[in-house]
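This report describes the fold, the nonpolar cores and the charged pairs of a single protein chain. The sequence and the coordinates are shown first, and the description follows.

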Amino acid sequence: IKPTLKGYADGALTGKFEFNTGWFGAKDWLNTVRLFGEVQMVNGFISTLQIEEVIRAQLEKIGVGKGTPSSGPVRFTARSGLLFEQSVLQLRAFDLITPKRDQVHVDGKIDTDLQADLKGMAYIASAPIGGDVMRANADASGRLALPLEIRGNLLKPNFNFAKASLQKLA
């Protein structure tokens with residue numbers, strides 16, 4: 001990881017991998033790396049991602065819910081299957097959950113410049129809506145469930161929730 005990224009994320013990472021590579025000193029060395037396996041992070045921390053704030057802002061755009069301040073940086077537990085090949089990381093069933101039970105479940109890819117194209121679902125435990133609208137869009141444990149796309153640079157990601165789902169909430 002680049003030294004300029006120090007402090008953005010932290011946690012204990014464990015995993016089981018199969019790793020193959022070409023000659024380390026080769027000009028295109030990174031493109032020869034192939035890593036396949038599973039990874040898990042416990043007590044993770046992301047200083048740049050405030051899930052509650054992002055979701056509340058999206059809901060406010062369509063006039064749903066009230067803006068409340070975020071509780072700050074995100075602590076989480078995460079796990080994923082992965083394949084790193086041709087300088088692209090493919091995430092398979094990436095699952096991040098916070099102590100508040102907010103959850104992001106996505107599949108997709110991230111390149112070595114941290115450009116992401118991820119799709120899946122977001123589950124919000126304390127959504128700023130209620131009543132029939134919440135019941136109609138809740139998962140089995142009562143969290144607001146929204147289709148989600150995460151695109152762009154992961155240091156300042158663009159979160160897109162399916163417009164049809166958000167318009168149903170309005």
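## Strand pairing and fold

Strand 7 and strand 8 run antiparallel and are joined by four bridges. The two form a hairpin, with four residues between them. Within this pairing, L148 stands opposite F161 of strand 8. The model under discussion is a predicted one.

The hairpin belongs to a wider arrangement. Eight strands make up an open sheet in the order 1-2-3-4-5-6-7-8, and their pairing is antiparallel. The edges are formed by strand 1 (9-20) and strand 8 (158-161), each of which pairs on one side only. On average, neighbouring strands of the sheet are turned by 15 degrees against each other, direction ignored. In general terms, the strands of a sheet pair through backbone hydrogen bonds, in either a parallel or an antiparallel sense.

On its other side, strand 7 (residues 144-153) is joined to strand 6 by 10 bridges, and these two strands run antiparallel. One of the pairs here is Q115 with its bridge partner N153 in strand 7. Strand 6 (residues 115-124) also pairs with strand 5 (residues 103-111), in the antiparallel sense and over eight bridges. In that pairing, I110 has A116 of strand 6 as its bridge partner.

Taken as a whole, the chain contains four helices and eight strands. Along the sequence, these elements follow the pattern β-α-β-α-β-β-β-β-α-β-β-α. Of contacts between residues at least 6 apart in sequence, 52% join residues at least 24 apart.

## Burial and nonpolar cores

The chain has 170 residues, of which 34% count as buried. Its exposed area is about 10,200 Å², and carbon and sulfur atoms supply 56% of that area.

Which residues have the most contacts inside the largest nonpolar core? That core has 22 residues, and the ones with the most contacts inside it are V106, L118, A127, L144, L148, I150 and F161. Two or more residues each come from strand 2 (34-46), strand 3 (74-85), strand 5, strand 6, strand 7 and strand 8. Another core, of six residues, lies apart from it and includes M41, I46, V74 and L96. The hairpin pair described above reappears in this picture: L148 and F161 stand opposite each other, and both are among the residues with the most contacts inside the largest core.

L83 offers a local view of strand 3, where it is placed. L83 has a relative accessibility of 8%, and it therefore counts as buried, the limit being under 20%. Leaving aside residues up to four places away in sequence, L83 touches R34, L35, F36, V88, L89, Q90 and R92. One of these residues, R34, is 49 residues from L83 along the chain, yet the C-alpha atoms of the two are separated by 7.3 Å.

## Salt bridges

The count of salt bridges comes to five. Three of them are listed below with the separation of their closest N and O atoms.

| Pair | N to O separation |
|---|---|
| R151 and D117 | 3.0 Å |
| R135 and D132 | 2.5 Å |
| R143 and D139 | 2.8 Å |

The pair of R151 and D117 spans two strands. R151 lies in strand 7 and D117 in strand 6, so their salt bridge ties together parts that are 34 residues apart in sequence. Both partners are partly exposed: R151 has a relative accessibility of 31%, and D117 has a relative accessible area of 29%.

The pair of R135 and D132 has another setting, within helix 3 (residues 131-136). The two residues are three apart in that helix, which means that about one helical turn separates them. R135 is exposed, with a relative accessible area of 60%, and D132 is likewise exposed, with a value of 60%.

Are the partners in the pair of R143 and D139 buried or exposed? R143 is buried, and D139 is buried as well. Beyond individual pairs, salt bridges with shared partners join D117, E149 and R151 into one network.

Methods. Residues numbered from 1 in each chain as written. Predicted model: local features only at pLDDT ≥ 70, side-chain atom pairs only at ≥ 80, totals over all residues. Heavy atoms only, no water. Pairing = 2+ DSSP bridges. Axes fitted to C-alpha atoms, helices over the stretch in contact; angles between N-to-C directions. Buried < 20%, exposed > 50% of the residue type's maximum accessible area, 1.4 Å probe, protein only. Contact = heavy atoms within 4.5 Å. Areas by Shrake-Rupley, 256 points an atom, 1.4 Å probe, with all protein chains shown as cover. Core = buried A, V, L, I, M, F, W, Y, C linked by side-chain atoms within 4.5 Å. Salt bridge = Lys/Arg side-chain N within 4 Å of Asp/Glu carboxyl O.
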